[in-house]
Amino acid sequence: MGEKGKGMGMMKCLLGMGYWVQGFRCFPWLAIIFFLKDGLQIDPSTLQILLNSANLPMVGKPLYGVVSDSVYFYGQHRLPYISLGAILQAVSWVAIAMFSSSSISISTITFYLLLSNLGASIAEVANDAMVAEISKQPNSAKKGQSSSSGELQSFVWMASSVGGVLGNLVGGIAIEKFSSRFMLLTYGAILIIQFLITILVNERSLNLPKHHSAGGIKDKLAELASALHKPEIAYSIGWLVASYAMTPALVGTMFYYQTQALGIDSSVLGISKVFGQVGMLLWSFFYNKSLKSASPRKVMCAIQATVAVFMVSDVLFVTKFYQNMGLPDSVYVVIFSGLQEVLFFFKILPFSVLIAQLCPPGCEGSLMAFVMSAVALAMIVGGYLGVALASYVGITGTNFSGLPLGLLIQAACTIIPLFLSSWIPDHVKADVAKKKE
């Protein structure tokens, strides 16, 4: 194996570990939710506000991306940020575990949750930038094609999905047998191991593209602005953001309907999440094998249309159509609800491949970070629209008579972005080849 092959092997190990650790984050978050509910005994509204507030660092991803692209430490500008993200998360989770429920306040736990998500955001930005950079390197066997042609994106997607599956499975068992403190300390130990491994690797051994910029952060901001002015990039991001922002999220309403109206056990909901994570894992395999060369426009539009179909299926579910046909509610929740919850994110994989091909060299981190930040904000907008929709159709914690109408409106809103599909470039590789000529 040559030096380049060894570098790629090490790269895959580091990225696989990084994405697996981030996918496994559902493990400590399950512990923290039970700690907040049982240990601190906070009410549901306070819990929701706290968890939403903790996601604020995710909005700053473009800034972290610009800094990662432009500020180097001893000639390295990716692994140091992954190390920083890992240690910030480790400190936050271990700190929370050290407090007892009687000695920690809401403001203190909020601070450490913000710190944890700050670390996760920094690590995710650096990981995403590494994936984008290596994906743009030319293949020695096939000139003009990226070195991975979507394979690396699929690999890290699989690593994250495996982490999510294990996090939900192990977390569901551990929450019954161990304390929340033990679970937080366990994840903190995993993060410390990641930190130690990352600082021992020299980034030069990974053979990453070198894009040193003399101008620093100001020039990187200018490069990001220049990239966003490219129509194919701006319209692609615009479509992805619109596809999330235009869809009212009724996840909370469905959760209350399943638990309050149908009496679905929490263990069934846990299995549903695991089923969804397995679906994400299978999707990465299928995309890498059969769809990585397909038109990104067709793939993303097909996913969007499938989401709408699942929402119409939910209408049949709440009107007892499936129950009358002999399908138990719990089976539907595990299979269909589990898949629908992750189906919203299926678009990210083909989009990440698309944006990696369109992204100009040197601003991969900042552009990918901008995309994920925009998606996060779009999902917040979709969440607010969902609250407004639930209020409009008269859904409450005990009255779900308006839920079928709400789901139909939700499905109709999901179809709207399909009329904007021309915003997504088609046959990107051909377009890039023409530009190079």
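Me: Which residues form the nonpolar patch on the surface that includes Leu 169?
Reply: This is a predicted model. Leu 169 sits in helix α7, residues 151–177. Its relative accessibility is 43%, so it counts as partly exposed. Together the patch members offer about 270 Å² of accessible area, and they are Val 162, Leu 166, Leu 169 and Val 170.

Me: How many salt bridges does a search of the whole structure find?
Reply: The cut-off is a Lys or Arg side-chain nitrogen within 4 Å of a carboxyl oxygen of Asp or Glu. Lys 61 and Glu 124 meet it at 2.6 Å. Glu 341 and Lys 273 meet it at 3.0 Å. The total for the structure is two.

Me: How many residues apart in sequence are the parts tied together by Lys 61 and Glu 124?
Reply: The side chains of Lys 61 and Glu 124 form a salt bridge, N to O. Lys 61 belongs to helix α4 (residues 61–70) and Glu 124 to helix α6 (residues 106–135), so the pair links parts whose separation in sequence is 63 residues.

Me: Is Glu 124 buried or exposed?
Reply: Buried means under 20% relative accessible area. Its partner Lys 61, at 6%, counts as buried. Glu 124 has a relative accessible area of 18%, so it too falls under the cut-off. Glu 124 is buried.

Me: Which helices hold Glu 341 and Lys 273?
Reply: These two side chains form a salt bridge, with the closest N and O atoms 3.0 Å apart. The pair ties together parts 68 residues apart in sequence, because Glu 341 lies in α15 (residues 329–343) and Lys 273 in α12 (residues 266–291). The helices are α15 and α12.

Me: What is the relative accessibility of Lys 273?
Reply: Partly exposed residues fall between the 20% and 50% cut-offs. Glu 341 is in that range at 35%. Lys 273 also counts as partly exposed, and its value is 38%.

Me: Which side chain of opposite charge is nearest to Asp 314?
Reply: Asp 314 lies in helix α13, residues 296–318. It is buried yet has no salt bridge. A bridge needs the atoms within 4 Å. The nearest candidate is 12 Å away, and that residue is Lys 320.

Me: Which residue of α18 is in contact with Asp 314 and also buried?
Reply: Neighbours within four places in sequence are left aside. Asp 314 is then in contact with Met 254, Tyr 332, Gln 340 and Leu 407. The buried residues of α18 include Leu 403, Pro 404, Gly 406 and Leu 407. The residue on both lists is Leu 407.

Me: What length does helix α18 reach from its first C-alpha to its last?
Reply: Helix α18 covers residues 403–415, with 13 residues. At 1.5 Å a residue, 18 Å is expected. The model comes close to that, at 19 Å.

Me: How far apart in space are Leu 221 and Asp 69, C-alpha to C-alpha?
Reply: Leu 221 lies in helix α9, residues 217–228. It is partly exposed, with a relative accessible area of 46%. In sequence, Leu 221 and Asp 69 are 152 residues apart. In space, their C-alpha separation is 9.9 Å.

Me: How many helices does the protein have?
Reply: The protein has zero strands. Of its 437 residues, 51% count as buried. The number of helices is 19.

How values were computed: Residues numbered from 1 in each chain as written. Predicted model: local features only at pLDDT ≥ 70, side-chain atom pairs only at ≥ 80, totals over all residues. Heavy atoms only, no water. Helix = DSSP H or I, 4+ residues; strand = E, 2+ residues; numbered from the N terminus. Expected span 1.5 Å × (residues − 1). Buried < 20%, exposed > 50% of the residue type's maximum accessible area, 1.4 Å probe, protein only. Lys, Arg positive; Asp, Glu negative; His and termini not counted. Contact = heavy atoms within 4.5 Å. Patch = residues over 30% accessible without salt bridge, like charges linked within 9 Å, V, L, I, M, F, W, Y side chains within 5 Å. Areas by Shrake-Rupley, 256 points an atom, 1.4 Å probe, with all protein chains shown as cover.
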